[in-house]
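Biologist: Got a minute to walk me through this one? I'd like to start with what you mean when you call a residue exposed.

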Amino acid sequence: MRNQRIIITALAVAAALTMSGCTGGSDSGTGSSENSTGGSDSESAPVLSGAENSDGGSDSSDGSTATDSSAPVSENSMDGSSTNTAPQNVSDEQFSVKNEDGGVEIVKYLGEGGEVVIPEQIGGKTVVEIGDGAFRGCAGLTSVTIPGCVEDIGDEAFYNCSELRMVTIYDGVREIGDRAFGGTALRGIYVPPSIDDIGDGAFSNPSLERVEVDANNRDYCEVDGVLFDKSVTKLYCYPCKIDADSYTVPNSVREIEEYAFLDCTGLKTLDIPDTVMEIERGAFDGCTQLTVNYNKAVYTSSELNRLYND
């Protein structure tokens, strides 16, 4: 995963509440166990959602909802009701794990999907990482809850989970890998305060409408739904479904990151100021209608990609 990357979703967004903490476990042993704690017993986490409009709260399997009444709620979100526990609907046997420092890493999800809650412990050991590609291509996965004891969400961890519409990430998670939620059905991304590293294309999907960043995050911010570093010098993610056919990059921006405008097929005109000194490879991949004004010249997106992909 690349360091110094940062980002995350929710058109249905509630602000992050800090988890009270995860119970630690021993560092030894591998594999799954039948006796382990399930979802979080802490305060409610923000919801990262792509769900359609709902008249009431979207209930989890135990009848609780997953948003907090004190948090701002966006259009197409839930009703803002709260819960103190996450749904307990998975068993340890659904995960293949290996030892990592301080706990275990989930290396493969073995279940069928639906609403999945990552347990805080498996086999008496704390879950500290979701490995590269652990859920990749799980077409049946519709929502996932990730507790704050998970520090690292690996590269392509949920890549191409085409029906994944809701993600709940508790404060405490620090890293999100390259393309971790790429190719999903998420419509919004919420970035909690603890996130300090977001990989290239972590949220690149054709349904994304907005990124929201907690005001207490020290590394990232959003401006009109677009993801930047805190100083607005690096542009990380322009959501594909922003309702606009033109965009002007802020004058403070110095770098446009890899896959920043990936598959923005509705974007027709992009104005880039001369302050931008670096455009990373693939920044405009899939932008089939895009014309770019940059350095007193006019380019198609494919021309810019050829220039900056070498």
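Modeller: Sure. Exposed means over 50% relative accessible area, and buried means under 20%. Keep in mind that this is a predicted model.

Biologist: OK, so with that cut-off, is K296 buried or exposed?

Modeller: K296 has a relative accessible area of 85%, so it counts as exposed. You'll find K296 in the loop between β21 and β22.

Biologist: What's the backbone doing there, say phi of K296?

Modeller: Phi of K296 is near 60°, which is a positive value in a residue other than glycine. D224 is another non-glycine residue with a positive phi, near 55°. D224 sits in the loop between β14 (220-223) and β15 (226-229), and it is exposed because its relative accessibility is 65%.

Biologist: Back to β21 and β22. Which sheet has them?

Modeller: An open sheet of four strands, ordered β17-β19-β21-β22, with mixed pairing. β17 (246-248) and β22 are the edge strands, each pairing on one side only. From one strand to the next, the twist averages 20°.

Biologist: And how do β17 and β19 pair?

Modeller: In the parallel sense, over three bridges, with β19 covering residues 269-272. If you want a spot to look at, T248 stands opposite D271 in β19.

Biologist: What lies across β21 and β22?

Modeller: That's α1, which runs at about 95° to β22.

Biologist: Which residues of α1 are buried?

Modeller: In α1 (residues 301-308), the buried ones are S301, L304 and N305. They line one face of the helix, because they fall within an arc of 100° when you look down the axis of α1. In general, an α-helix has 3.6 residues a turn, so residues three or four places apart point the same way.

Biologist: What covers those buried residues? And what's exposed on the other side?

Modeller: The cover includes β21 (291-294) and β22 (297-300). On the other side of α1, the exposed residues are R306 and L307.

Biologist: Switching topic: how many residues are in the largest nonpolar core, and which touch the most other members?

Modeller: The largest nonpolar core has 42 residues, and I118, F135, I146, I153, F158 and F181 touch the most other members. Strands that each supply at least two residues of this core include β2 (95-100), β3 (103-109), β7 (141-146) and β16 (234-237). Apart from that core there is another, of 27 residues, with V226, C240, V276 and V292 among them.

Biologist: Take F158. What does F158 touch?

Modeller: Leaving out residues up to four places away in sequence, F158 touches residues including I130, F135, I146, I153 and F181, plus G182 and T184.

Biologist: One more. Where is N205, and is N205 buried or exposed?

Modeller: N205 is in the loop between β12 (197-198) and β13 (210-213). N205 counts as buried because its relative accessibility is 2%.

Biologist: What does N205 contact, then?

Modeller: Setting aside neighbours within four places in sequence, N205 is in contact with F181, G183, T184, L186 and C240. So what about its polar side chain? A polar atom of the N205 side chain lies 3.1 Å from the backbone nitrogen of L208.

Biologist: Great, that gives me enough to go and look.

Terms used. Residues numbered from 1 in each chain as written. Predicted model: local features only at pLDDT ≥ 70, side-chain atom pairs only at ≥ 80, totals over all residues. Heavy atoms only, no water. Buried < 20%, exposed > 50% of the residue type's maximum accessible area, 1.4 Å probe, protein only. Polar contact = N/O pair within 3.5 Å; in protein donor to acceptor, adjacent residues only side chain to side chain. Contact = heavy atoms within 4.5 Å. Arc of directions from axis to C-beta. Core = buried A, V, L, I, M, F, W, Y, C linked by side-chain atoms within 4.5 Å. Pairing = 2+ DSSP bridges. Axes fitted to C-alpha atoms, helices over the stretch in contact; angles between N-to-C directions.
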